[in-house]
2 protein chains.
Amino acid sequence: MDDKRYIDLIKSTNIADYSDIKGIIIIKPYGYSIWNNIKIIFDKILIKNKYNNLYFPLLISKKLFQLEYKTLNIIPKECAIVTHSRFKINNNKLIVDKKSKLNEELIIRPTSETVIWSTLKRWIQSYRDLPKLINQWCNVIRLEMRNKFFIRNSEFLWQEGHSIHSSKKEALLEIKKVKKMYKKILKNYLCIPFITGYKTFKETFLGAKFTYSFETITKEKGKSIQLATIHYLSNNFSKVYNVKYTNIMGKRVCTWGTSWGISTRLIGAIIMIHNDKKGLILPPKIAPIQIIILPLIDNYKIKRIIIYLKDILKKSNITFEIDDNFNITPGKKFYKYDNMGIPIKLIIGINEIRNNTVELIRRDTFQKYYLYINNNIYIKILKILNSIQKRIYIFAKKRMRTKTYFVKSFKSFIKKINRNCGFYATYWYSNSKNELTIQKLTQYTIRCIIKKSNKKHKCFFSNKYTNTKIILGKSY
Amino acid sequence: MDDKRYIDLIKSTNIADYSDIKGIIIIKPYGYSIWNNIKIIFDKILIKNKYNNLYFPLLISKKLFQLEYKTLNIIPKECAIVTHSRFKINNNKLIVDKKSKLNEELIIRPTSETVIWSTLKRWIQSYRDLPKLINQWCNVIRLEMRNKFFIRNSEFLWQEGHSIHSSKKEALLEIKKVKKMYKKILKNYLCIPFITGYKTFKETFLGAKFTYSFETITKEKGKSIQLATIHYLSNNFSKVYNVKYTNIMGKRVCTWGTSWGISTRLIGAIIMIHNDKKGLILPPKIAPIQIIILPLIDNYKIKRIIIYLKDILKKSNITFEIDDNFNITPGKKFYKYDNMGIPIKLIIGINEIRNNTVELIRRDTFQKYYLYINNNIYIKILKILNSIQKRIYIFAKKRMRTKTYFVKSFKSFIKKINRNCGFYATYWYSNSKNELTIQKLTQYTIRCIIKKSNKKHKCFFSNKYTNTKIILGKSY
């Protein structure tokens with residue numbers, strides 16, 4: 001999907017719109033509803049895994065970042081800095097009132113490790129207070145001033161999970177748990193296939209010992225999208241903010257942390273993965289509307305059928321809408337709802353009334369079914385929704401596989417990427433300078449380190465022997 | 001409840017905590033869960049009333065406020081202004097990098113009329129696009145730098161509803177609908193009694209034709225709290241942003257708007273209204289935990305009973321927790337859960353096993369019940385939860401009434417407020433200068449205009465004849 005098609009699709013389906021500031025978008029009801037469905041599903045997963053939702057402030061004082069700079073050498077980048085609090089009028093124009101300068105600058109959270117760890121000291125005293133498993137759903141700002149709907153925006157909505165443990169071992173076990181949580185939402189609900197692995201040193205979250213990431217590629221272009229990241233913070237933030245606890249032996253020792261997030265970027269991934277020429281194909285489990293009911297004529301028999309269907313669908317927790325505006329032709333309606341990616345169309349016309357059936361068309365294959373209207377109709381519908389859910393995942397997974405190549409040398413890598421964009425697996429001898437060179441020459445970056453093999457292989461770039469296998473990809 | 005008691009209660013129940021910035025708080029899991037329950041309930045009410053959730057940006061460009069200044073003479077106050085995007089290091093210290101100055105300042109939303117109406121022009125063309133009924137759940141910033149948990153904070157979470165209509169009549173009808181929505185959540189769910197009426201000109205939302213507000217008073221102190229406001233925007237923002245539509249006659253005409261919100265301030269209101277010496281008394285319908293189960297001894301019979309109860313409570317959608325930590329005395333547990341305001345304690349000891357009963361103690365009256373353990377136990381429990389819900393509303397309402405006084409003259413007003421803080425009803429001849437004088441002399445403000453009577457009465461302050469009746473109150 002080229003950029004124009006991507007933007008057109010987002011605008012024509014009322015998923016999002018531009019704001020008047022570059023890099024910042026408005027999420028419209030159809031798009032927000034997709035995000036809300038993701039939120040409801042993942043929130044249940046979080047609660048099952050004993051996480052508590054809470055809310056930390058949007059604004060963080062500079063002195064905390066100063067501490068992080070001192071200990072971990074982190075300098076916040078592309079951040080929104082609040083410096084004043086009032087306007088005054090000058091020549092009929094609003095200008096910042098210099099007198100309202102804040103004593104200390106405030107930074108809009110780009111993420112919340114800083115504010116959370118600086119608070120934890122007050123909340124954690126003894127081993128009985130651990131683990132702390134917390135999560136927040138909120139907005140964050142990274143002033144990128146680039147404008148790729150959902151993929152690169154200055155503001156996005158996300159969940160950020162934070163866990164604090166009494167031992168390294170426990171923190172690493174928690175990371176395994178979080179991996180499972182993300183696998184579940186990505187595969188079972190969003191139908192997005194992915195590869196996973198560790199980020200290189202250069203791409204690791206500042207303050208983390210390692211970053212584990214989930215990556216996928218888009219349908220046509222084969223471009224890389226980072227779906228989720230999990231950071232192992234080790235005892236780094238525990239050191240910065242002196243977050244210690246008294247263990248069973250009565251000794252004061254440090255704590256160990258993890259943090260991880262998924263964001264509205266997932267909406268972009270869904271759009272770029274699940275689509276065809278006619279528009280979106282939304283996974284039924286997160287589709288705002290699972291079924292659109294389309295009566296072709298306006299009479300009392302059809303009205304009776306619709307009342308009957310409504311009742312059954314409601315009871316089965318299937319979301320639906322009815323379009324009974326007869327001023328618009330069925331053709332135009334099909335076009336609209338196919339574009340929106342609604343998984344199932346239910347059509348009722350004269351033939352259907354005669355046969356006491358409805359015509360069902362599934363969005364992914366356009367296969368038609370004629371279902372008898374009776375109390376059990378929901379069983380067949382649920383079956384088809386499930387079948388769509390499974391099929392689009394398998395379809396996307398196969399495609400990702402066909403777009404994943406293996407290369408042995410930089411020469412063949414260069415040759416192949418000119419023909420095909422996708423994931424490139426190869427062996428790599430870690431070297432940050434070479435990593436940058438590759439990026440400059442090819443625009444490809446190391447998406448992640450997928451495994452360490454037992455055998456040593458030649459690095460595709462430096463020819464040095466290594467056991468590290470990586471995936472390269474071209475991101476937005 | 002004095003300030004110290006209010007803060008102690010919030011901290012000891014883990015509802016909220018201070019952040020390191022004055023005026024900004026952290027909402028902890030127990031407090032966030034109360035907010036989340038309010039959100040779930042009100043979101044259902046919104047959807048029933050055909051509102052769509054969406055998400056507008058956090059940051060608003062100065063040029064939009066410039067437009068509002070020009071047309072409506074609005075100057076944003078106490079706002080967080082973003083001016084830079086980068087830090088640099090100087091003498092080992094983070095300082096704002098002057099080179100990163102933004103071309104145009106960005107303001108963190110204090111509310112979203114500005115950004116919404118500036119966008120609507122693109123979304124509304126014809127009468128078919130109206131009404132637009134939209135809502136967002138988000139954070140807003142008003143840099144007050146005052147620190148009264150939930151009541152006065154720089155950041156709060158809220159819902160802001162916005163409706164756009166094709167006629168004045170329709171917009172005014174919508175306001176009636178919203179009044180009903182707020183009445184429902186405040187009375188039926190939060191058990192908060194209130195008075196309602198119009199704000200004076202001085203207190204009306206800038207850009208609104210009128211502001212309608214819901215006000216209550218706290219339990220002991222009788223101080224006023226504004227619970228919710230509804231603004232009738234008339235065609236003011238339609239004029240600023242040129243939001244017009246083509247009517248059925250093909251003519252371009254202006255649109256009419258409303259906006260309204262409730263925020264995390266409601267958590268503060270709940271705490272200050274529903275409490276006694278032992279702590280909070282949460283309304284069952286928004287309590288994070290409705291029942292705490294307290295086994296007094298540790299044996300297999302009790303465990304069996306608990307498994308049985310868990311199953312029944314789950315099926316009846318009653319939220320509960322079990323405290324089976326036998327290292328803590330029952331006395332301490334009672335103290336803790338009473339303080340947290342959990343509506344019902346279920347206690348099981350030796351006597352209870354013998355009689356196959358549980359002891360139930362309700363939080364509001366401490367009345368005891370002995371319930372037989374059987375499949376129908378949930379019916380009795382639901383009945384008691386309902387009874388608590390009703391009783392605490394009636395209790396609060398009666399109290400509000402006893403703290404509502406009528407005065408005829410300023411002299412008697414002064415005399416009475418020295419003895420009793422509360423709501424003061426009186427007649428008032430509108431005059432902004434006098435309004436300010438009263439505030440300076442007494443710290444009381446006009447909370448709202450409650451009605452216009454047919455008969456003329458003397459104004460309590462100016463002695464001029466008027467038919468306007470108002471309520472005065474002392475707010476935080």
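Let us start at the centre: of the residues of chain A, Val82(A) comes closest to the rotation axis, at 2.1 Å (C-alpha). This is a predicted model, in which local features need pLDDT of at least 70 and side-chain atom pairs count only at pLDDT 80 or more, while totals for chains, interfaces and linings use all residues. Residues are numbered from 1 along each chain as its sequence is written, and chains are lettered from A in the order in which they are written.

What is that axis? A turn of 180° with a shift of 0.0 Å along the axis lays chain A on chain B with an RMSD of 0.0 Å (superposed by least squares on the C-alpha atoms of residues with pLDDT of at least 70 in both copies). This is the relation of a two-fold axis. The same surface serves both copies, since 100% of the contact residues of chain A recur in chain B; residues are in contact if their C-beta atoms, placed from the backbone, lie within 7 Å.

Now look at the strands, which are DSSP runs of E with at least two residues, numbered from the N terminus. Strand 5 (residues 81-84) of chain A pairs with strand 5 (residues 81-84) of chain B in the antiparallel sense over 3 bridges; pairing asks for at least two bridges found by DSSP. Here Val82(A) stands opposite Val82(B). Strand 5 of chain A also pairs with strand 8 (residues 101-108) of chain A, again antiparallel, and Ile81(A) has Ile107(A) as its bridge partner there.

Together they belong to an open antiparallel sheet of 6 strands, in the order 4(A)-8(A)-5(A)-5(B)-8(B)-4(B). Strand 4 (59-61) of each chain stands at an edge with a single partner strand, so one side of each is left without a neighbour in the sheet.

Definitions and conventions
Contact = placed C-beta atoms within 7 Å. Helix = DSSP H or I, 4+ residues; strand = E, 2+ residues; numbered from the N terminus.
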